[in-house]
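User: Could you walk me through this model, starting with a ligand site and then moving on to the fold around it?

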Amino acid sequence: MTKTDIRHILTIFLIFLVCFIFSQKYISSLAKIDKNLYNIGMKYIIITYGCQMNVHESEKLAYICEKLGYTPTDKREEADLIIFNTCAIREGAEDRVFGNVGALKKLKKMRPNIIIAVCGCMTQKEQTANYILRTFPFVDIVLGTFNLANFAHYIEAVKTGRQLEILKEGEIDETVPYKRSDRDNAWVNIMQGCNNFCTYCIVPYVRGREKSRKEENILKEIKEIVEQKKFKKITLLGQNVNSYGQDLKDGSTFSKLLSDICKIDGDFSLTFMTSHPKDLTSDVIDVIAKEKKILKEIHLPAQSGNNRILALMNRRYTREKYLSIIKEIREKIPNCKITSDFIVGFPTETEEEFKDTLSLVKEVKFDGIFAFMYSPREGTVAEKMEGQIDQKTKKRRVNALLRLEKEIQEEKRNGRK
Ligand code: 5AD
Ligand code: SF4
């Protein structure tokens with residue numbers, strides 16, 4: 001072989017090598033696109049029930065759906081993937097889910113390839129999850145509250161059969177971002193779960209024990225939101241934001257978190273929900289009073305104005321303590337909007353005890369209240385209590401409370417004229 005021959009062979013080899021490398025790159029980029037190719041043109045819809053926590057979690061589900069190639073629609077009939085993110089707080093919320101899932105039977109018959117998923121607080125209860133699987137054989141995926149970050153996996157796995165998974169506990173997911181859907185407000189979850197076990201409430205059973213996100217992760221997320229300059233308002237979310245950080249055991253507290261967030265440069269306002277009166281300490285009230293970025297508004301559920309009922313509810317504060325917090329807020333933040341939640345018809349609540357709720361509402365003159373009829377939740381302490389109140393009495397009491405609330409708001413409006 002001459003020197004020229006060897007040069008030719010080497011050149012051909014080099015050309016071959018370069019072609020090989022490029023073709024591999026091309027194939028792998030095609031494969032990446034191809035992963036989502038089968039969902040191109042496919043549409044998804046998420047139907048969300050319940051609190052802001054669920055609304056925010058649906059933003060994570062939306063991100064996952066879009067990553068899989070689906071595009072959003074607001075029409076169930078044209079969706080290829082229908083997701084119900086459910087709420088278990090009262091019976092009414094559950095009944096609506098059953099009705100709306102049941103209504104999809106015809107659609108699934110006409111279009112057997114659509115995927116129907118039910119997830120969230122309702123399906124975290126194993127009995128309800130099994131009931132849904134039994135009653136609605138056309139539902140493809142049933143997940144609990146701790147499985148949502150892995151949603152893409154279940155969509156893939158559904159090809160092999162129906163998917164049911166309910167993890168008992170789960171870490172806070174820091175890996176999947178959100179597709180933020182609100183125009184002005186960005187939700188930021190700071191903790192999950194609840195340790196309070198109010199005797200009427202299902203939340204600790206379906207959301208697990210309190211777990212706080214690390215402050216550095218929350219600050220990083222908020223800095224990114226502020227840098228986008230899209231959102232005017234940031235709302236921190238947790239079942240009981242005032243106990244933020246207690247589980248981290250590194251000195252984190254809610255008031256420190258609030259003041260550290262306010263140090264972030266940028267034009268935004270900050271608010272949070274929900275507070276528990278037993279944990280709303282003076283340092284939190286002081287930070288709200290001091291920081292310009294924090295909106296002057298607090299949602300502080302009282303639930304009842306009667307001490308015996310508050311004790312039965314395991315709320316761990318008295319009417320007097322609640323009123324003293326209101327006094328402190330009004331002294332330190334005179335223009336603060338205060339709103340509240342109340343439950344009427346808790347087991348054994350007498351007419352006199354209900355009147356204590358009316359008198360508390362009259363005394364505080366809230367800027368708004370939500371009034372609920374007590375709804376027994378399976379597995380909670382109150383569900384097993386003697387002296388359950390009949391529906392007619394609950395209705396009468398809730399109407400009386402709402403009437404009083406209307407009068408107070410009218411009075412306030414007239415006073416302002
Ligand atoms: N029945 C009626 N209302 C309830 N809430 C929570 N659990 C129940 C129940 N079992 C109300 C409380 C809470 C709000 C979010 O829902 O007032 O603050
Ligand atoms: Fe339920 Fe009470 Fe926890 Fe609120 S604080 S989520 S009412 S248990």
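User: Thanks! Which residues are around ligand 2?

Analyst: Happy to help, and do keep in mind that this is a predicted model. A residue counts here when its C-beta atom, placed from the backbone, lies within 6 Å of the molecule. For ligand 2, that gives C194, N196, F197, C198, C201, V203, P204, Q239, N240 and H276.

User: How many residues of that shell around ligand 2 are nonpolar, polar and charged?

Analyst: Cysteine, phenylalanine, valine and proline count as nonpolar, and the shell includes C194, F197, V203 and P204. Asn, Gln and His fall among the polar ones. The division for ligand 2 is six nonpolar, four polar and no charged.

User: And how do the residues of the shell around ligand 1 divide?

Analyst: Ligand 1 is surrounded by I89, R90, Y200, C201, P301, Q303, D341, I343, F372, Y374, S375 and R377. Asp and Arg count as charged, and the shell includes R90, D341 and R377. The shell divides into seven nonpolar, two polar and three charged.

User: In what order do the three strands of the open sheet stand?

Analyst: The edges are β7 (185-189) and β11 (269-273), each of which has a single partner strand, so one side of each lacks a neighbour in the sheet. β10 (residues 233-237) pairs with β11 in the parallel sense over five bridges, and L237 stands opposite M273 in β11. The order, with parallel pairing, is β7-β10-β11.

User: What angle does α9 make with β7?

Analyst: Helix α9 covers residues 215-228 and lies across β7 and β10. Angles run from 0 to 180 degrees between N-to-C directions. For α9 against β7, the value is about 170°.

User: Which strands does α2 touch, and at what angle to β7?

Analyst: α2 packs on the sheet. Its contacts there are with β7, β10 and β11. Its direction relative to that of β7 makes an angle of about 95°.

User: Which helix gives the most to the side of domain 1 that touches domain 2?

Analyst: The chain is divided into domain 1 (43-165), domain 2 (182-289) and domain 3 (296-417). Between the first two, 10 residues of domain 1 are in contact with seven residues of domain 2. α2 (52-67) and α5 (121-124) each supply at least two residues of that side of domain 1. With four residues, the helix that gives the most is α2.

Technical notes
Residues are numbered from 1 along each chain as its sequence is written. Chains are lettered from A and ligands numbered from 1 in the order in which they are written. This is a predicted model: local features need pLDDT of at least 70, side-chain atom pairs count only at pLDDT 80 or more; totals for chains, interfaces and linings use all residues. Domain bounds come from an automatic or database domain assignment. Two strands pair if DSSP finds at least two bridges between them.
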